[in-house]
Amino acid sequence: FVARLSGSTAEFLQMWELMMFGEKLFSVENGELTLTLSPAIPSYLVPEDGRVSATLFGTTEVVYEAGNSRDLIPGAYKVTAYEITCADGSVEKIQAPCLVGEAAKKVRDGKVKKLTVTLQ
């Protein structure tokens, strides 16, 4: 909770959100909710192990596994897989560039504790 946001603070938070998650997280494609993550993170913010994390909606830890990629520039990498760890401890692996349907709803509804995203 931030009691008062100055214009510069609000702008910084918006830039951080764009860097970590992309411009348009959710959309409806073919009648289904779709979650598309597209981080834009410069190499100097990516540690040696290639793992970058942030918290989405205050509850979901999002971990990007960038492998050998250092500059995470949308269009220069591909999202290849997601590992979803739900609040109840169940784990689901999805090989896809985005989450569609029920998986996207779980993230939106805060039922996902951790989301590991593999980038290549």
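**Entry 1. Thr60**

I began with Thr60, which counts as buried at 0% relative accessibility. The structure I am reading is a predicted model. I located Thr60 in strand 4. I then looked up the polar partner of its side chain and found the backbone oxygen of Val112, which the side chain of Thr60 reaches at 2.7 Å. I also listed the contacts of Thr60, leaving aside its neighbours within four places in sequence: they are Ala54, Thr55, Val112, Lys113 and Leu115. Val112 therefore appears both in this list of contacts and as the holder of the backbone oxygen that the Thr60 side chain reaches, under the definition of contact as heavy atoms within 4.5 Å.

**Entry 2. Strand 8 and its partners**

I next followed Val112 into strand 8, which covers residues 112-119. I noted that strand 4 and strand 8 run parallel and are joined by 5 bridges. In this pairing I found Val62 opposite Leu115 of strand 8. Leu115 had already come up among the contacts of Thr60.

I then turned to strand 5, residues 79-86, and recorded 7 bridges between strand 5 and strand 8. These two strands run antiparallel. For Cys86 I looked up the bridge partner in strand 8, and it is Val112.

**Entry 3. The sheet of strands 1, 2 and 7**

I looked up a further sheet and found it to be open, with 3 strands in the order 1-2-7 and antiparallel pairing. Strand 1 (26-29) and strand 7 (99-100) stand at the edges; each has a single partner strand, so one side of each is left without a neighbour in the sheet. For strand 1 and strand 2 (residues 32-35) I recorded 4 bridges in the antiparallel sense. I checked Ser27 and found that its bridge partner in strand 2 is Thr34.

I also examined Val28, which is found in strand 1. Val28 is exposed, with a relative accessible area of 62%. I compared its position with that of Ala96: the two are 68 residues apart in sequence, and their C-alpha atoms are 16 Å apart in space.

**Entry 4. Positive phi in two loops**

I asked which residues other than glycine have a positive phi, and I noted Asn30 and Phe57 among them. Phi of Asn30 is near 55°. I placed Asn30 in the loop between strand 1 and strand 2, and I recorded Asn30 as exposed, with a relative accessible area of 82%.

Phe57 has a phi of about 60°. I found Phe57 in the loop between strand 3 (51-56) and strand 4 (60-65). At 45% relative accessibility, Phe57 counts as partly exposed. The strand that follows this loop is strand 4, where I had placed Thr60.

**Entry 5. A nonpolar patch**

I closed with the surface. Which residues form a nonpolar patch there? I found Phe12, Leu13, Met15 and Trp16, with about 390 Å² of accessible area together. I looked up Phe12 separately and placed it in helix 1, residues 7-21. Phe12 is exposed, with a relative accessible area of 52%; the cut-off for exposed is over 50%.

Terms used:
Residues are numbered from 1 along each chain as its sequence is written. This is a predicted model: local features need pLDDT of at least 70, side-chain atom pairs count only at pLDDT 80 or more; totals for chains, interfaces and linings use all residues. Side-chain values use heavy atoms; hydrogens and water are left out. Two strands pair if DSSP finds at least two bridges between them. Buried means under 20% relative accessible area, exposed over 50%, partly exposed in between (1.4 Å probe, protein chains only). A polar contact is a pair of N or O atoms within 3.5 Å; within protein, one must be able to donate a hydrogen and the other to accept it, and residues adjacent in sequence count only if both atoms are side-chain atoms. Patches are made of residues with over 30% relative accessible area and no salt bridge: like charges are joined within 9 Å, nonpolar side chains (Val, Leu, Ile, Met, Phe, Trp, Tyr) within 5 Å. Accessible areas come from the Shrake-Rupley method with a 1.4 Å probe; for residues, only the protein chains shown count as cover. A salt bridge is a side-chain nitrogen of Lys or Arg within 4 Å of a carboxyl oxygen of Asp or Glu.
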